[in-house]
Amino acid sequence: MSEFNEAVNTPTETPQTAQAARFWQKVAISAPDACWLWKASRGGSGYGHVWIEINGERRCVDAHKRAWTLTHGPVPHGQVVRHRCNVKTCVNPAHLELGSYSENTVDALRDGFGGVKLRAADIRAILAERYAGRLRVEIAAKHGIRESYVNEILIGRVWHCVSGLTASVSTYKSEQLSLNL
Ligand SMILES: [Zn+2]
């Protein structure tokens, strides 16, 4: 099962394409073993992020993940791209490695990006519904995703580039901030 990765990483690009060239223009490429810092926008989580277009739909992905994909191809299902250098804005492929997510998160991601493909507009609608007081379980049912994935959105662990929320604060705190908007 690899719906998630197919949706996000469909490697129709190669490092030679225009999209890849545009990506690397936003990177302060340095010595091979140094950190190459992302010069463009960052999400609330502190990671660089970049908009890409897949099948005519704009998607936001973490810049370091994009760097991995452009260099090595799709991220295997159930794995994430991690930094060996602990520098969140570093996109030097030599500093990146694959690691595994917790099963919970894998499930949540699969539910969000699998059978149902959410768009930025859906994320905004989900946030608006939550702010309006709708229950997570109702929102999940309406959008055809799991409640756990609604939570991932609300705490900014996924789609943070759309929501502006950050996963670096606690779930509770984030919820409080969200509801105060
Ligand atoms: Zn680095």
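1. Start with Trp 51. Its bridge partner in strand β4 is Cys 60. That pair belongs to a larger ladder: six bridges join β3, residues 49-54, to β4, residues 57-62. The two strands run antiparallel. Keep in mind throughout that this is a predicted model.

2. Now look at the turn of that hairpin. Two residues lie between β3 and β4. Asn 55 takes a positive phi near 50° there. As you trace the strands, remember a general point: in a regular strand the side chains alternate between the two faces of the sheet.

3. Helix α2 spans residues 18-25, and Gln 19 lies in it. Gln 19 and Ile 52 are 33 residues apart along the chain. Their C-alpha atoms are separated by 8.2 Å. Is Gln 19 buried or exposed? Neither label fits: Gln 19 is partly exposed, because 15 other C-beta atoms lie within 10 Å.

4. Step back to the whole protein chain. It has nine helices and six strands. Of its 181 residues, 30% are buried. Among contacts with a separation of 6 or more, 53% are between residues 24 or more positions apart.

5. Which residues have the most contacts inside the largest nonpolar core? They are Ile 123, Ile 126, Val 150, Ile 153 and Trp 159, in a core of 16 residues. Helices α5 (120-131), α7 and α8 (160-163) each give two or more residues to this core. The largest share is four residues, and it comes from α7. Apart from this core lies another, of 13 residues. Phe 23, Trp 38, Ala 63 and Trp 68 are among its members.

6. Helix α7 deserves its own check. It covers residues 147-154, and its buried residues are Tyr 149, Val 150, Glu 152, Ile 153 and Leu 154. Follow Val 150 outward, leaving aside neighbours within four places in sequence. Val 150 is then in contact with Ile 126, Arg 136, Ile 139, Ala 140 and Ile 145. Just after α7, Gly 156 takes a positive phi of about 80°.

7. How do α6 and α7 pack? Helix α6, residues 136-143, meets α7 at an angle of about 105°, with the axes 8 Å apart. The two helices are therefore roughly perpendicular. On the α6 side, the contact is made by Arg 136, Val 137, Ile 139 and Ala 140. On the α7 side, Glu 147, Val 150 and Asn 151 take part. By class, this contact has four nonpolar, one polar and two charged residues.

8. Check Asn 86 as well. Its phi is positive, about 65°, although Asn 86 is not a glycine. Where does Asn 86 sit? It is in the loop between β5 (79-83) and β6 (96-100). Asn 86 counts as exposed because it has 9 C-beta neighbours inside 10 Å, and the cut-off for exposed is 12 or fewer.

9. Finish with Arg 119. This residue is in the loop between α4 (103-113) and α5. Arg 119 has 13 C-beta neighbours inside 10 Å, so it counts as partly exposed. Arg 119 and Val 162 are 43 residues apart in sequence. In space they are 9.7 Å apart, C-alpha to C-alpha.

Technical notes. Residues are numbered from 1 along each chain as its sequence is written. This is a predicted model: local features need pLDDT of at least 70, side-chain atom pairs count only at pLDDT 80 or more; totals for chains, interfaces and linings use all residues. A residue is buried if 20 or more other C-beta atoms lie within 10 Å of its own, exposed if 12 or fewer, and partly exposed in between; C-beta atoms are placed from the backbone. Two strands pair if DSSP finds at least two bridges between them. A nonpolar core is a set of buried Ala, Val, Leu, Ile, Met, Phe, Trp, Tyr and Cys residues joined through C-beta atoms within 7 Å. Two residues are in contact if their C-beta atoms, placed from the backbone, lie within 7 Å. Axes are lines fitted to C-alpha atoms, for helices over the stretch in contact, and angles run from 0 to 180 degrees between N-to-C directions. Angles under 35 degrees count as roughly parallel, over 145 as roughly antiparallel, 65 to 115 as roughly perpendicular and the rest as oblique. Ala, Val, Leu, Ile, Met, Phe, Trp, Tyr, Cys and Pro count as nonpolar, Asp, Glu, Lys and Arg as charged, and the others, Gly among them, as polar.
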